[in-house]
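Trainee: I am new to this structure and should be grateful for a close look at one part of it. Please then place that part within the whole chain.

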Amino acid sequence: MTKSVYEIWLSWQNGKEKFQLPVLPSSIEISNSSKNESIDLAGFGEITILQEPAAKTFQFSSFFPAKWSPLCEVRPTKLSLPWNYVKRLEAWQESKLPIRFLVTGTPINFAVSIDDFSCKEGDKDIGDLDYSITLKEYTFVTSRKIDTKKKPSANGGNKQRPDTKPIPKTYKVKKGDTLTGIAKTLYKNSAEWKVIWEANKQMLIKRDKRNVKHPGRYIYPGQVLQIPQKKTGTGVTGASPRIVQDGTVSVNLRK
């Protein structure tokens, strides 16, 4: 009997264990179902959302012969006992590792999982084992490494702690000081210089009349400025109160 041009091989652990099916199945059923979704939209009708194709499934049945015959694709010396094939397949299935499914002369060469395997006493010759097997395409997934190291920030990686120092009630002007600079130092906001100006306006104008037209521009070393205090939920600060307008924001969710 002329041998088939096809051979079916199953291997495990990159060929550490492998064997050729002694008798070819009469056919192999290959299914590749789709995961496409259909939805009905008013005014448009049914719309199909295309998805990635599902994993291929291979199903076939054959038998492990107890004795060599012209139906066998392997030489008599390569034929193993039927239960040896069964035990090997069951062990591979229990290992929860993928196996390799290869059919020579075809594009079939896939990593697969053994989804189902069953066998029974052969219907023809005594000692044969009929079997049915279902294999499913296996996709190798590699875990992505996450860098848990903290990247250095712009200040050299040293995260600054919030300044919890209380704001002084007075400040003695030094050479080179400006109200905006003092506000930035004490309030962390240079725009708050007006708070200091309002609290010291009379004294500053009395010292230099030019402050009338140019508020707070002319201050002198040695002057003692009053620094306004304001209590908040987190401590004492000099920031002026801000008016926040209440409102409602509506968000439309896309379907």
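Mentor: Three words recur below: a residue is buried when its relative accessible area is under 20%, exposed when it is over 50%, and partly exposed in between (1.4 Å probe, protein chains only). The model is predicted: local features need a pLDDT of at least 70, side-chain atom pairs count only at 80 or more, and totals for chains, interfaces and linings use all residues. Residues are numbered from 1 along each chain as its sequence is written, and side-chain values use heavy atoms, with hydrogens and water left out.

The part chosen is helix α2, which spans residues 179–187. Helices (H or I, at least four residues) and strands (E, at least two) are DSSP runs, numbered from the N terminus. The buried residues of α2 are L179, I182, A183, L186 and Y187. Viewed down the axis of α2, these residues fall within an arc of 100°, so they line one face of the helix; the arc is that of the directions from the helix axis to the C-beta atoms. K184 and T185, on the other side of α2, are exposed.

The buried residues of α2 pack against β10 (170–172), α3 (193–207) and β11 (224–226). Contact here means heavy atoms within 4.5 Å.

K188 follows α2 and belongs to the loop between α2 and α3. Although K188 is not a glycine, its phi is positive, about 65°. Most residues other than glycine have a negative phi. With a relative accessibility of 54%, K188 counts as exposed. N14, in the loop between β1 and β2, also has a positive phi, near 55°, without being a glycine. N14 is exposed at 87% relative accessibility, and its C-alpha is 8.0 Å from that of I99, a residue 85 places away in sequence.

To place α2 in the whole, consider the chain next. The secondary structure comes to 3 helices and 13 strands, and buried residues make up 27% of the 255 residues. Of the contacts between residues at least 6 apart in sequence, 57% join residues at least 24 apart.

The nonpolar cores come next; such a core is a set of buried Ala, Val, Leu, Ile, Met, Phe, Trp, Tyr and Cys residues joined through side-chain atoms within 4.5 Å. The largest has 26 residues, and those with the most contacts inside it are L10, L89, F101 and L135. Two or more residues of this core come from each of β1 (8–12), β6, α1 (82–94), β7 (99–103), β8 and β9 (129–137). Another core, of 15 residues, lies apart from it and includes L179 and L186 as well as V173 and I219. L179 and L186 are among the buried residues of α2.

Within the largest core, F101 deserves attention. Leaving aside neighbours within four places in sequence, F101 is in contact with residues including W9, L10, F58, F110 and L135.

Aromatic rings supply further links. Rings of Phe, Tyr and Trp (its six-membered ring) pair if their centres lie within 6.5 Å; planes under 30 degrees apart count as stacked, over 60 as edge-to-face and the rest as tilted. The whole structure holds 9 aromatic pairs. One of them, between F58 and F110, is tilted, at 5.4 Å centre to centre with 45° between the planes. That pair links distant parts of the chain, since F58 lies in β6 (57–64) and F110 in β8 (109–121), 52 residues apart. Both F58 and F110 are buried. Ring pairs also link F19, F64, Y85, W92, F117 and Y131 into a cluster.

K18, in strand β2 (17–20), is exposed, with a relative accessible area of 52%. The charged end of K18 sits over the ring of W9, 5.7 Å from its centre; this requires NZ of Lys or CZ of Arg within 6 Å of the ring centre and within 35 degrees of the ring normal. R210 is placed likewise over the ring of Y218, 3.9 Å from its centre.

A word on confidence: pLDDT, the predictor's confidence in each residue, runs from 0 to 100. The chain averages 81, and 76% of the residues score at least 70. Over residues 232–236 pLDDT stays under 50, and the model has 5 contacts for them beyond four places in sequence. Residues 238–255 are also below 50, with 13 contacts beyond near neighbours in sequence. Where pLDDT is low, the predicted coordinates should not be read in detail.
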